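User: I'm new to reading protein structures, and I'd like to know how each label gets earned. Please walk me through this one.

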Amino acid sequence: MANLNINGKKYALDVDPDTPLLWVIREQVGLTGTKYGCGIGTCGACTVLFEGQAMRSCSLPVSAAEGKKIETIESLEKNGQLSKIQKAWVEKQVPQCGYCQSGMVMATTALLRNNPNPSDEQINASVSNICRCGTFQQVRDAIHAVIKA
């Protein structure tokens, strides 16, 4: 039995302790905003916040997540309002195909919560997700828009 805290809600789930957190979030909890990309923690499509830090959920066993605060992309919208980061993503037209964007938004959320005025070098180091559409400049523009707001 795994006891998880996802988006402020408690879950007691009967899953193998070695199951990647990504699959528990998607399959057992039903939150599908977190995406599967590479399965080895490289691409970042599966990024969630784990105790406030960006973490690749495809390579994290559910046993390591027990009792920890986990936030997914679904946690950012509050009372029908997108977060400042999500709004900037829309305003700057960041997504093309959109597949990687939930992971990018979560990595950016962790970055700006911990460093509200990062340099471009810090952005590059913290938001290391892969985007096959190449929206990296739009991502940086959206992050700078949030910083200035």
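Analyst: Let's start with a term: helices and strands here are DSSP runs, numbered from the N terminus, with at least four residues for a helix and at least two for a strand. Keep in mind that the model is predicted. With that numbering, Tyr 99 sits in the loop between helix 3 (84-91) and helix 4.

User: Why is Tyr 99 called partly exposed?

Analyst: Its relative accessibility is 41%. Buried needs under 20% and exposed needs over 50%, so Tyr 99 falls in between and counts as partly exposed.

User: What makes Tyr 99 part of a nonpolar patch?

Analyst: Tyr is on the list of nonpolar side chains, and patch members need over 30% relative accessible area. Tyr 99 has 41%, so it clears that cut-off. The patch on the surface also includes Trp 23 and Tyr 36, and together the three have about 290 Å² of accessible area.

User: Which residue in that loop between helix 3 and helix 4 has a positive phi without being a glycine?

Analyst: That's Gln 93, which is found in that loop and has a phi near 50 degrees. Its relative accessible area is 62%, and the cut-off for exposed is over 50%, so Gln 93 is exposed.

User: Now the sheet. In what order do its strands come?

Analyst: The order is 2-1-5-3-4, in an open sheet of five strands with mixed pairing. From one strand to the next, the twist averages 40 degrees.

User: Why are strand 2 and strand 4 called edge strands?

Analyst: Count their partners. Strand 2 (9-13) and strand 4 (53-56) each have a single partner strand, so one side of each has no neighbour in the sheet.

User: How do you know that strand 1 pairs with strand 2?

Analyst: Two strands pair if there are at least two bridges between them. Strand 1 and strand 2 have five, in the antiparallel sense. Among the partners in strand 2, Asn 3 is matched with Ala 12 and Ile 6 with Lys 9.

User: How do you know that strand 1 pairs with strand 5 too?

Analyst: The rule asks for at least two bridges, and two join strand 1 (residues 2-6) to strand 5 (residues 69-71), so the pair qualifies. These strands run parallel. Ile 6 turns up here as well, with Ile 70 as its bridge partner in strand 5.

User: What makes strand 1 largely enclosed?

Analyst: Four of its five residues are buried, so the rest of the structure largely encloses it.

User: What is unusual to look at in the turn of the hairpin?

Analyst: The hairpin of strand 1 and strand 2 has two residues between the strands, and Asn 7 in the turn has a positive phi of about 55 degrees, although it is not a glycine. At 28% relative accessibility, Asn 7 lies between the 20% and 50% cut-offs, so it counts as partly exposed.

User: Why is the contact between Glu 71 and Arg 113 called a salt bridge?

Analyst: A side-chain nitrogen of Lys or Arg has to be within 4 Å of a carboxyl oxygen of Asp or Glu. Here the distance from N to O is 3.0 Å, so the pair passes. It links Glu 71 in strand 5 with Arg 113 in helix 4, 42 residues apart. Helix 4 (residues 101-114) lies across strand 3 (47-50), strand 4 and strand 5.

User: Are the two ends of that salt bridge buried or partly exposed?

Analyst: One of each. Glu 71 has a relative accessible area of 8%, under the 20% cut-off, so it is buried. Arg 113 has 45%, which makes it partly exposed.

User: How many salt bridges does the whole structure have?

Analyst: The search finds two. Asp 120 and Arg 140 form one of them, with the closest N and O atoms 3.5 Å apart, within the 4 Å limit. Asp 120 is in helix 5 (residues 120-126) and Arg 140 in helix 6 (residues 136-148), so the pair ties together parts 20 residues apart in sequence. Asp 120 is partly exposed at 32%, while Arg 140 is buried at 16%.

Key: Residues numbered from 1 in each chain as written. Predicted model: local features only at pLDDT ≥ 70, side-chain atom pairs only at ≥ 80, totals over all residues. Heavy atoms only, no water. Axes fitted to C-alpha atoms, helices over the stretch in contact; angles between N-to-C directions. Contact = heavy atoms within 4.5 Å. Patch = residues over 30% accessible without salt bridge, like charges linked within 9 Å, V, L, I, M, F, W, Y side chains within 5 Å. Areas by Shrake-Rupley, 256 points an atom, 1.4 Å probe, with all protein chains shown as cover. Buried < 20%, exposed > 50% of the residue type's maximum accessible area, 1.4 Å probe, protein only.
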